[in-house]
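Let's take a friendly walk through this structure together. Have your viewer ready, and we will go from helix packing to the surface.

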Amino acid sequence: MIRDITIGQYYPENSIIHRLDPRVKLFGTLIFIVSLFLSVELEIYIIAALFLTMSIIISRVPFKFIFKGLKPILLLLVMTFLFNLFLTPGEPIFKIWKLNISEEGIRLSVLMCVRFVLLILGSSVMTLTTTPNILTAGISRSLRFLKTFKFPVDEIAMMMSIALRFIPILVEETGVIMKAQEARGASFNEGNIMKRAKALLPVLVPLFVSAFRRADELAMAMESRCYFCGKPRSNMKPLEYKMRDILTYIIILIYLGIMITVSVLLKKYSLF
């Protein structure tokens, strides 16, 4: 399960999406997330799924690799499904103990899980096709207007970049620690949920020690290279928009227009 976490990983490929400006990908991801909250209707999610599928195909990232990132959140998906299933009011279809299951609850629980999956996959496409350094530059340039209000844009972007860069490293280190514990007789796949959770406690202590050690080494390395917060910095490869970026902006806006139109029509006809 630990090895299936794909957040923060970069999948090297020479696709159009990989070559896009990071600001375009950040804007596209934001629009995609917003579009999923326009309405809780099946048609909205079908259009979003088609748009996401085309993006994945163009990015040349294998579907198997992207969907592998859903394994660590299966428990969260199940909890989301159950909460919406039992807590959504409506005409009961059948009853389990004191919990009522309605047609509205079934519909909403399925759609909420679909929305959650699309959110994770849509965000994964951006991180899998953008290196942390380029993503940091994109965030810094996108939020540059906030510097007028004394907002620490560069520092926030650097923090996000370091966090994304360290996720795969910590995941790999967790796997090494778990193998070392298993070699000493520990078991992480036996017993109920509580026993498995307790078995992970010996893993957390060395993991935190390693994380703090890496953070201290990184801080020393940055200071030795004269990195100081708040100082103006330059980029080795300045970001510049190209024709493919402008065309992608247009496609994203067309997608948003379609989603808004479909959402308005669905609300309009649902009133009759």
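Where H8 passes H10, the crossing is right-handed. This is a predicted model, so please read each value below as computed from predicted coordinates. To find the pair, look for helix H8 at residues 153–183 and helix H10 at residues 201–224. Their axes come within 10 Å of each other and cross at roughly 140 degrees. Angles count as roughly antiparallel over 145 degrees, and H8 and H10 are therefore oblique to each other.

Now turn to another pair, helix H5 (residues 74–87) and H6, whose axes lie 8 Å apart. They pack at an angle of about 150 degrees, which makes H5 roughly antiparallel to H6. The handedness of this crossing is right-handed.

H6, which spans 103–128, also leads us to the surface, since this helix and strand S1 (92–96) each supply at least two residues of a nonpolar patch. Which residues form that patch? They are Ile93, Phe94, Ile96, Trp97, Leu99, Ile106, Val110 and Val114. Together they have about 750 Å² of accessible area.

One member of the patch is worth a closer look: Leu99, which is found in strand S2, residues 99–102. Is leucine 99 buried, exposed or partly exposed? Buried means under 20% relative accessible area and exposed means over 50%. Leucine 99 has 34% relative accessibility, so this residue counts as partly exposed.

Definitions and conventions:
Residues numbered from 1 in each chain as written. Predicted model: local features only at pLDDT ≥ 70, side-chain atom pairs only at ≥ 80, totals over all residues. Heavy atoms only, no water. Patch = residues over 30% accessible without salt bridge, like charges linked within 9 Å, V, L, I, M, F, W, Y side chains within 5 Å. Areas by Shrake-Rupley, 256 points an atom, 1.4 Å probe, with all protein chains shown as cover. Salt bridge = Lys/Arg side-chain N within 4 Å of Asp/Glu carboxyl O. Helix = DSSP H or I, 4+ residues; strand = E, 2+ residues; numbered from the N terminus. Buried < 20%, exposed > 50% of the residue type's maximum accessible area, 1.4 Å probe, protein only. Axes fitted to C-alpha atoms, helices over the stretch in contact; angles between N-to-C directions. Parallel < 35°, antiparallel > 145°, perpendicular 65-115°, else oblique. Left-handed = near helix turned anticlockwise from the far one by under 90°.
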